[in-house]
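Student: I would like to go through this model term by term. Please set each value against its definition.

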Amino acid sequence: MVAPLRRVAMRRPGRATCEADPAVWHYAGPLDAGRMERQYDRFAACVADSGALIEWIPERDDGLADSIFVFDPSFVTPRGAILLRPGKALRRPEVALHEALHQRLGVPVVGSIEPPGLAEGGDLVWLDEETLVVGRTFRTNQAGIDQLQNLLSPLGVHVHGFDLPVWRGSTACLHLLSVVSPLDRDLALVYTRLLPVALMELIRTRGIRCLEAGDDEFEASGGMNLNVLATAPRRCIAVGGFPNTVQLMRDAGCEVTCFDADALCIPCEGGPTCMTLPIWRG
């Protein structure tokens, strides 16, 4: 999750996102469509400036407001993509968009999560090439974790599940990547108050140094200060407006690019990682 980002899928906010009913989609409204689109364009420019080739998922009037958060409906492994099954029922039609994307790009689909399994990309974090840690949340259940293990064990990958707390309830989005963001093979940004103890112990046994973000900016951002996209080891894109978190990363030797996201990421509960689906790193 920290190797140089070479190729990435994205989807611009269309009518469904800009005109979404906040009560239905659990957004903080009302949304400012113009500012949202400008902030997204700035973010896309940051991704392109990192050297990554952007593969765009075509826009169409399909009513899928959350489809700009492309990290969640599928998951790319060294052998191909796994089609996931989002715990947020409104998002399940997005999986077909990803199946078409992978077919168009020539990425083989090696499996899919089937009912009663649930899994979203935001709960999946690679610690290394052979270790995938998975958050057991309102969006990802044990059946989904078991299916991931069955799909990944032939690749020599060990899957470890960790319970996350209820926090703000089932309608809010607390993914594992809401509390830990890899910055390098030996460095991660974390929010320790919500980090499972067993996961913290595993991270430390792997020699990964944890940068501990403070309470004030985590609360003010709804966790978006932790949602950091690594475009290369110790190079990342972060939501602007949270200087203490950014300085924490810079003091650890990270090059951090920030973009304004108060109309895009904060109200819609999705940050830089959520808005990108890495297709190729290396």
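Tutor: Accessible areas come from the Shrake-Rupley method with a 1.4 Å probe; for residues, only the protein chains shown count as cover. On that basis the protein exposes about 11,500 Å². Carbon and sulfur atoms supply 50% of that area. This is a predicted model: local features need pLDDT of at least 70, side-chain atom pairs count only at pLDDT 80 or more, and totals for chains, interfaces and linings use all residues. Residues are numbered from 1 along each chain as its sequence is written, and side-chain values use heavy atoms, without hydrogens and water.

Student: What makes the radius of gyration agree with a compact globule?

Tutor: The radius is taken over C-alpha atoms, and the globule rule is 2.2 Å times the number of residues to the power 0.38. For 282 residues that gives a value near 19 Å; the protein has 17 Å, so the two agree. The C-alpha trace spans about 45 × 40 × 40 Å along its principal axes.

Student: How many residues count as buried?

Tutor: Buried means under 20% relative accessible area, exposed over 50%, partly exposed in between (1.4 Å probe, protein chains only). Of the 282 residues, 57% count as buried.

Student: Why is the set with V133 and L176 called a nonpolar core?

Tutor: Because a nonpolar core is a set of buried Ala, Val, Leu, Ile, Met, Phe, Trp, Tyr and Cys residues joined through side-chain atoms within 4.5 Å. The largest has 37 residues; V133, L176, L183, L189, L199 and M249 have the most contacts inside it. Apart from it lies another core, of 31 residues, including M224 and L264.
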